[in-house]
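This report is written for a reader meeting the structure for the first time. It turns to charged pairs, then to one residue and its contacts, and then to the packing of two helices.

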Amino acid sequence: MDAKLPVNPVEILTDEHRILLKKLGNLRQSVRDIQGAISAEAIQKLVADLLFFFNSEMANHVEKEEKLLFPAFEKAVSGDKGVLDPYKSVHYDLGADMDKTINTLRSLTQELKDKPLSEAIPHLKELDETISLILKRWAYHTKMEEKHLFPETERLLSKEILHNVGKQMRQMGPAVKSH
């Protein structure tokens with residue numbers, strides 16, 4: 001483990017929020033840019049990048065929150081699971097949006113195999129709309145957690161628990177990887 005990397009879970013997740021938000025914005029821009037200069041190869045690469053982002057990078061971050069941070073927080077508030085309902089609701093909505101996006105990407109991949117390239121355009125427009133929605137939800141998600149959940153987490157959890165949770169997050173690897 002790199003000694004320069006933060007072990008505080010709030011710092012880890014805040015860094016990942018910023019990085020994932022920027023990357024998602026860049027991917028949305030790529031979807032918009034590709035609509036003007038379409039090639040099957042360019043679309044296939046973008047689809048692969050988007051699938052990797054949602055299935056690996058975004059999923060890694062969400063897993064850190066749901067499997068490590070949320071349980072530690074719930075334990076600190078004596079098992080009051082309802083306190084995290086607003087955050088879990090946002091995660092649920094993001095998950096549904098990501099599932100829709102993944103399905104659109106799979107449809108797009110199939111259409112590229114079976115039909116003329118011109119028939120991919122409606123899927124690209126749908127993809128742009130869905131990613132724009134995810135981007136808005138992600139911005140809300142990060143704001144809500146960073147403004148409310150993370151300060152409470154640092155207030156309620158001991159330094160030892162924060163360190164242990166952060167260490168487990170580091171063992172899961174970074175959310176954003178080069179591929």
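A salt bridge is taken here to be a side-chain nitrogen of Lys or Arg lying within 4 Å of a carboxyl oxygen of Asp or Glu. By that definition the side chains of aspartate 49 and lysine 45 meet in a salt bridge, with 2.8 Å from N to O. The model examined is a predicted one, and all the values that follow are computed from it.

**Salt bridges**

Side chains of opposite charge can pair when their charged atoms come close. How many salt bridges does the structure hold? There are nine salt bridges in the structure, and the table sets out three of the pairs with their N to O distances.

| Acidic residue | Basic residue | N to O distance |
|---|---|---|
| Glutamate 16 | Lysine 64 | 2.5 Å |
| Aspartate 49 | Lysine 45 | 2.8 Å |
| Glutamate 63 | Lysine 67 | 3.9 Å |

The pair of glutamate 16 and lysine 64 is joined through its side chains in a salt bridge. Because glutamate 16 belongs to helix α1 (residues 9–34) and lysine 64 to helix α2 (residues 40–76), this pair ties together parts that are 48 residues apart in sequence. Glutamate 16, at 6% relative accessibility, counts as buried, and lysine 64 is likewise buried, with a relative accessible area of 0%.

The two other pairs in the table lie within helix α2. Aspartate 49 and lysine 45 are four residues apart in that helix, so about one helical turn separates them, and lysine 45 is exposed, with a relative accessible area of 52%. Glutamate 63 and lysine 67 are also four residues apart in helix α2, which is about one turn of the helix. Within this pair, glutamate 63 counts as partly exposed at 34% relative accessibility, whereas lysine 67 is exposed at a relative accessible area of 56%.

Beyond these pairs, a network of salt bridges links Asp93, Asp97 and Arg137.

**Threonine 104**

Is threonine 104 buried or exposed? Threonine 104, which is found in helix α3 (residues 85–114), counts as buried because its relative accessibility is 5%, and the cut-off for that class is under 20%. When its neighbours within four places in sequence are left aside, threonine 104 is in contact with His123, Glu126 and Leu127.

**Packing of α2 and α4**

Two packed helices are described by the angle between their axes and the distance between the axes. For α2 and helix α4 (residues 121–156), the angle is about 25 degrees and the axes are 13 Å apart. Since angles under 35 degrees count as roughly parallel, α2 is roughly parallel to α4. The crossing of these two helices, α2 and α4, is left-handed.

Residues in α2 that meet α4 include Leu50, Phe54, Met58 and Phe73, while those contributed by α4 include Ile131, Trp138, Leu149 and Glu152. Sorted by class, the contact of α2 with α4 has 16 nonpolar, three polar and three charged residues.

One of the residues in this contact, glutamate 152, lies in helix α4 and is partly exposed, with a relative accessible area of 30%. Although glutamate 152 and phenylalanine 73 are 79 residues apart in sequence, the distance between them in space is 8.7 Å, taken from C-alpha to C-alpha.

Definitions and conventions: Residues are numbered from 1 along each chain as its sequence is written. This is a predicted model: local features need pLDDT of at least 70, side-chain atom pairs count only at pLDDT 80 or more; totals for chains, interfaces and linings use all residues. Side-chain values use heavy atoms; hydrogens and water are left out. Buried means under 20% relative accessible area, exposed over 50%, partly exposed in between (1.4 Å probe, protein chains only). Contact means heavy atoms within 4.5 Å. Axes are lines fitted to C-alpha atoms, for helices over the stretch in contact, and angles run from 0 to 180 degrees between N-to-C directions. Angles under 35 degrees count as roughly parallel, over 145 as roughly antiparallel, 65 to 115 as roughly perpendicular and the rest as oblique. A crossing is left-handed if the near helix is turned anticlockwise from the far one by less than a right angle, and right-handed if clockwise. Ala, Val, Leu, Ile, Met, Phe, Trp, Tyr, Cys and Pro count as nonpolar, Asp, Glu, Lys and Arg as charged, and the others, Gly among them, as polar.
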